[in-house]
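Morning, everyone. Please pull up the model, and we'll go through its cavities and then the chain contact.

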Amino acid sequence: MATRNARLGMGLFVVYLVLYGTYVFLNAFSAQTMEATPFAGINLAILFGFGLIIAALVLSLVYGAICTAGDSTSQEKEADL
Amino acid sequence: MIYEASPLAVVVFFLFVGVTLGLSFFLGKKAQSSEGYFAAHSQIPWFVNGIAFAGDYLSAASFLGICGMISFFGYDGFLYSIGFLAGWIVALFVVAEPLKRLGQFTFADALDSQFQSRGIKLAAGVSTLAVSVFYLIPQMVGAGVLIQPLLGFDHYVGVLIVGTTVILIVVSAGMVSTTWVQFIKGSLLVIFSALLTIMILARGFQVPKENEFFRTLGPVDLASGTLASDVGTLLRASAPQETVTRIIDPVDNSDEPQLVVVNVPGEPQSVWSAAQRGETTYLVEAQTHVVVDGKEIVNGKEKGTKKGEPELKPIGHLSRLPGGVQETGGLGPLEFLSTLQQSEIVLWGKKTSDLEHPKTTIYYQKPTLGKDVLRPGTHPKFKGIQSNKTIDKINFLSLMLALFCGTASLPHILIRYYTVKDGASARKSTIVGIASIGFFYILTLFLGLGAMTSGALDVTNSNMAAPLLAKSMADWLFAIISAIAFTTVLGTVSGLILASSGAVTHDLLKNVLGYQFSEDDQVRVAKISSVVVGAIAIVLGILFEGLNVGYLVGWAFSVAASANLPSLLMLLFWKRTTSQGIIAAILVGMISSLAWILLSGDTFSTIYGMSADDAWVPFDQPGLVTIPLGFLTLVIVSLLTQPRDKSGRANA
């Protein structure tokens, strides 16, 4: 069970790493891209930033939900044995 | 600026701090054993622990430093918000559950759980101490910053008050009370920041009338021979022809304006910056500040002690709103950002020059388009983003890497995993932590931008932005926000001191030097070490007064990530890790990152008072070099020290 959580954690970590990495590298090497205003007159720098914060929350909730589901099924299995 | 204590603020403040302390004394009675002192008997409910994470994490750096940086430079402070939050992903997905399974009280326990090596305990204990002390500096600086406008005391008095109070909390209580203090404070911080944000949105933006805060003279012709007498006439000097002007040209390749120093007979010296409006040039008022023989001279006069006497004027206003309107009225959150995007804001530049007194600091107005304020790269530390210099870009990447890796390596965050009962609770409390911290970090952008346009900021000190913003709304709000920020500092500092005293007592004295303590003695020794660490923190907090606390925390993250993360991750995920590899990685990571910081241009210019060009290292942020160096050291040393008889862990 612990290894399953660890594998799931790693997967989600990689997803976030890619998002964060994209943000940091866009800032560093293509700063003009961040100045575009694709939505509601707000620039990409702010939208991406908010997006990263929301993504962190969403991913952590997904992780929590799957792990908790895993906890309860493994407990049920133990109870069956 | 002159700070005067308001009676209401003082009463609310002491009430708040008194309740917090009372609570910790009350709860602390339950925690007499070492189990209770360091780990709260692992009985803290996960939700409380989660909010306490937020309480621990949202330190003076987040609240004072980030808001201050955004209010002075725009978007760049928000980069810290994003980096600080992203670090939690590492903590949750990679570190939380395994760490909970491995350890007992401290980070060193977890690292050493499979080796029983005194060397690991020594290295981990020392690195915990180093990181904690580094992290304590900005907290103490923040404490001084808060006390100043609230009670009117000097910086060092504030640091002393906080230091003493925290030592009292830690000595009297330990982890149980620290956790509850953090829970209360974490909740209040998020709630009142949300309230403040709503008030900012309801207030909207206003453009002050011409000459309402700062005077404008003109038009003038800087190249004409009659500039001095023209300025004299515009200033309505009694004898305009006796006015003397001197032009200070900008440094090459900078965006500084030309500055004009004006001496009018019988009046203090004044400085103005040239501003273009279409084809014509105007002069706009600048401010000056210098300390001569212990006395502060502001705008050419000796600084007063009461309101109405000479002081630097508060800053933070817009020069233009879209559509040329004077005020917007209430705005929605998205509308707030898009309106600012199309406005023009007066930021302030800073330059040191020899005027009447040598080395006077000149603060000059720098009208900046909203779209430039809301993009990354305005702050001098982040200029790499907008420049083509590779070294600046590397410096930026290095910082963002350290922020990402630092959270999961901070000792006072790691010890919080030992206060809940199991891995699942550790996970749940991290999720609660991420939710509340993330919400707060979204608010930081509004708080910072609200402060930027509040007309209430102190041009000499960005750390003061959030409390001054609250003061511009209402005195009671200012008192509450200051009290929360003060308990923020108290809470974070007590967490750090607790982590350090755990490192000293449990790791260094007991496990490395082999002292056998009775339960009572162990707690007593921990308390004595708390007092010592607290005293060190007080001294450092006084020394580092002038630095932005957010920036200082960035350094603490670099040291934490370089020293602790490689060994923590490799222990969890690489089976051939040896104890010698861990020891080497911790020492190399810690020493190299500390050395890098001490030899960087920033430290040269701000601490030693030397030129940044003399620095020994090419860029300021160590993370990009020292974190991989830690990993590399661990791998090489581990491979060289594989157990030969295959009975070691490599075979386990």
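Start with strand 6 of chain B: it gives three residues to the lining of the largest cavity, the most of any element. Strands here are DSSP runs (E, at least two residues), helices are runs of H or I of at least four, and both are numbered from the N terminus. A cavity is a set of points on a 1 Å grid over the protein atoms alone where a 1.4 Å probe fits but cannot get out; lining residues have an atom within 4 Å of a point.

Ground rules. This is a predicted model, with local features needing pLDDT of at least 70 and side-chain atom pairs pLDDT 80 or more, while totals for chains, interfaces and linings use all residues. Residues are numbered from 1 along each chain, chains are lettered from A, and side-chain values use heavy atoms, without hydrogens or water.

The largest cavity holds about 80 Å³. His289(B) and Glu356(B) are among its lining residues.

The second largest has about 60 Å³. Trp348(B) and Met452(B) are among the residues lining that one. Strand 10 of chain B gives the most there, four residues.

Now the interface. Chain A and chain B each put 41 residues into the contact, meaning heavy atoms within 4.5 Å. Together they bury about 3500 Å², 75% of it on carbon and sulfur atoms. That is accessible area (1.4 Å probe) lost on being put together, summed over both.

How many salt bridges cross it? One. Glu35(A) pairs with Arg375(B), closest N and O atoms 2.8 Å apart. The rule: a side-chain nitrogen of Lys or Arg within 4 Å of a carboxyl oxygen of Asp or Glu.

Conventions. Buried area = accessible area lost by both parts, 1.4 Å probe. 1 Å grid on protein atoms, 1.4 Å probe; cavity = no way out; pocket = protein on both sides within 12 Å on 5 of 7 lines; lining within 4 Å. Points joined across faces, edges and corners; volume = space filled by probe spheres on them.
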